[in-house]
Amino acid sequence: MTVYSLLIILGCGLVTWLPRVIPFMLVRKLQLPNVVIRFLSYVPLCILTALFVQNLFVAKEGQFPSFHVEYCLATIPTVIVAVITKNLMCIVVAGMCFMALIRYFVV
């Protein structure tokens, strides 16, 4: 590995790390309004939903999106767990467990 490659890797790491750390450093001593805190509480759920929907559908150019059947089967019990517990960690663990069971028994 050349020095140039090492500097590129370190630079990319720094550019990735700084936007994640600087907001925490700036906001650490500020008291945010409740509206902002409430708004930010939805960010993890929105990110997980976007990742979930992206993986649920199979997009093919020039065709209507189709479903991944495994993911659809795992979605049903996971949504039930989500409605009952309303706990993000339980939802993620349940989804992973249901997906593992489906892949073990069905596929």
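**A pocket lined by three helices**

Helix α3 gives the largest share of the lining of the largest pocket, namely seven residues. The model is a predicted one, and the pocket takes up about 660 Å³ of space. Its lining runs to 19 residues, with L48, F52, T78, I91 and G95 lying nearest the centre. Besides α3 (43–56), helices α4 and α5 (88–105) each put in at least two lining residues. As for chemistry, the lining has 14 nonpolar residues and five polar ones, and no charged residues turn up.

One of the pocket residues, F52, also shows up in the surroundings of T75. T75 sits in helix α4, which spans residues 69–85. Once neighbours within four places in sequence are set aside, T75 touches F52 and L56. T75 counts as buried because its relative accessible area, 16%, falls under the 20% cut-off. Burial is not widespread here: just 9% of the 107 residues of the protein count as buried.

Zooming out, the protein is built from five helices and two strands, in the order α-α-α-β-β-α-α from the N terminus on. The radius of gyration is 20 Å, whereas a compact globule of 107 residues would come in near 13 Å. Along the principal axes, the C-alpha atoms fill a box of roughly 50 × 45 × 30 Å. Of the contacts between residues at least 6 apart in sequence, 31% join residues at least 24 apart. The accessible surface adds up to about 9300 Å², and carbon and sulfur atoms account for 76% of that surface.

Key: Residues numbered from 1 in each chain as written. Predicted model: local features only at pLDDT ≥ 70, side-chain atom pairs only at ≥ 80, totals over all residues. Heavy atoms only, no water. Helix = DSSP H or I, 4+ residues; strand = E, 2+ residues; numbered from the N terminus. Buried < 20%, exposed > 50% of the residue type's maximum accessible area, 1.4 Å probe, protein only. Contact = heavy atoms within 4.5 Å. 1 Å grid on protein atoms, 1.4 Å probe; cavity = no way out; pocket = protein on both sides within 12 Å on 5 of 7 lines; lining within 4 Å. Points joined across faces, edges and corners; volume = space filled by probe spheres on them. Nonpolar A, V, L, I, M, F, W, Y, C, P; charged D, E, K, R; others polar. Rg over C-alpha atoms; globule rule 2.2 N^0.38 Å. Areas by Shrake-Rupley, 256 points an atom, 1.4 Å probe, with all protein chains shown as cover.
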